[in-house]
Amino acid sequence: MTTPTIFCAIDTPDLDRAKTLAAQIGPVTGGIKLGLEFFCTHGPDGVRRVMDEAPDTALFLDLKFHDIPNTVAAALRTVAKTRPAFVNVHAAGGAEMMRAGREALMDEAVRLNITPPRLLAVTILTSFDAPTLSAVGQGDDVAAQVIRLATLTQESGLDGVVCSAHEIAPLRNRLGPAFTLMVPGIRPAGTESGDQKRIMTPDEALAAGASHLVIGRPITGAADPAAATQMIVESLS
Ligand code: C5P
């Protein structure tokens with residue numbers, strides 16, 4: 001399976017709705033993202049049931065693990081059984097945690113005879129600004145801290161980071177062409193920005209150096225999600 005460019009964020013705790021959306025969207029995007037809200041409600045079994053509706057669709061399991069290395073490794077081993085293309089951790093968990101997570105995924109992939117899930121890290125959440133960062137003792141320069149954590153991610157052998165649209169260019173510049181930059185906050189021209197503040201169109205984000213895009217509500221909130229997806233796919237030059 002080739003790795004798709006677009007992962008549609010299906011953010012709902014409703015299993016039937018998630019299954020319906022997956023069946024509509026999966027064949028068009030080739031990629032689906034499920035996150036904490038869904039996973040905490042339905043667990044790995046629910047993930048399998050959704051992905052059964054969208055065969056040949058890649059899964060990004062966005063659970064952002066952050067704990068001691070042994071616990072994160074064990075959690076990643078467990079979720080590897082759902083055969084995600086991507087999973088993620090918080091870079092702030094440190095190099096040892098990231099390396100332990102990566103090794104656990106590699107081991108489990110051999111044991112299950114599957115392609116190893118690619119491991120991404122979250123650097124600084126986009127809900128953080130300078131005062132929020134300062135309050136948790138990480139200085140007050142968000143951009144510098146994003147670069148620092150993304151560099152640590154790469155040095156720890158991970159495949160890439162989740163980053164906001166305005167971080168694409170500096171990270172691509174710093175981390176080279178092969179590093180995965182998975183970018184949410186994407187809004188096709190003419191759609192509502194919702195609560196996303198720093199948005200880009202799919203074309204702009206790809207031109208800036210994004211490797212993958214996460215798009216949620218512009219697709220899932222459309223009257224016809226499959227048609228909305230198709231329009232986005234066709235808009236990519
Ligand atoms: O609906 P929308 O396109 O805004 O969905 C974006 C998805 O990406 C959501 O699942 C959201 O949790 C996730 N995300 C984000 N910003 C980040 C990291 C993840 O919007 N910095």
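Start with Arg217: in this predicted model, one of its polar side-chain atoms lies 2.7 Å from an oxygen atom of the ligand. Asp11 also puts a polar side-chain atom 2.7 Å from a ligand oxygen. Then there's Arg187, where an N or O atom of the side chain is 2.8 Å from an oxygen atom of the ligand. As for cover, the ligand taken alone exposes 460 Å², and the protein buries 81% of that.

Now step back to the whole shell. Besides Asp11, Arg187 and Arg217, the residues around the ligand include Lys33, Thr126, Gln196 and the run Val214, Ile215 and Gly216. Sorted by class, that shell comes out as five nonpolar, three polar and four charged residues.

So much for the neighbours; where does the ligand actually sit? It's in the largest pocket. Two elements give two or more residues to the shell there: strand S8 (212-215) and helix H9 (217-220).

The pocket itself has a volume of about 1000 Å³. It is lined by 40 residues, and Lys64, Thr126, Pro184, Gly185 and Gln196 are the closest to its centre. Thr126, Pro184 and Gln196 will look familiar, as they're also part of the ligand's surroundings.

S8 and H9 turn up again in the lining, each supplying at least two residues, as do helix H1 (15-29), strand S2 (31-35), helix H2 (36-52) and strand S3 (58-65). S3 gives the most, with three residues. By class, the lining divides into 16 nonpolar, eleven polar and 13 charged residues.

Terms used: Residues numbered from 1 in each chain as written. Predicted model: local features only at pLDDT ≥ 70, side-chain atom pairs only at ≥ 80, totals over all residues. Heavy atoms only, no water. Near = heavy atom within 4 Å. Polar contact = N/O pair within 3.5 Å; in protein donor to acceptor, adjacent residues only side chain to side chain. Areas by Shrake-Rupley, 256 points an atom, 1.4 Å probe, with all protein chains shown as cover. 1 Å grid on protein atoms, 1.4 Å probe; cavity = no way out; pocket = protein on both sides within 12 Å on 5 of 7 lines; lining within 4 Å. Sits in = over half its atoms within 2 Å of the grid points. Helix = DSSP H or I, 4+ residues; strand = E, 2+ residues; numbered from the N terminus. Nonpolar A, V, L, I, M, F, W, Y, C, P; charged D, E, K, R; others polar. Points joined across faces, edges and corners; volume = space filled by probe spheres on them.
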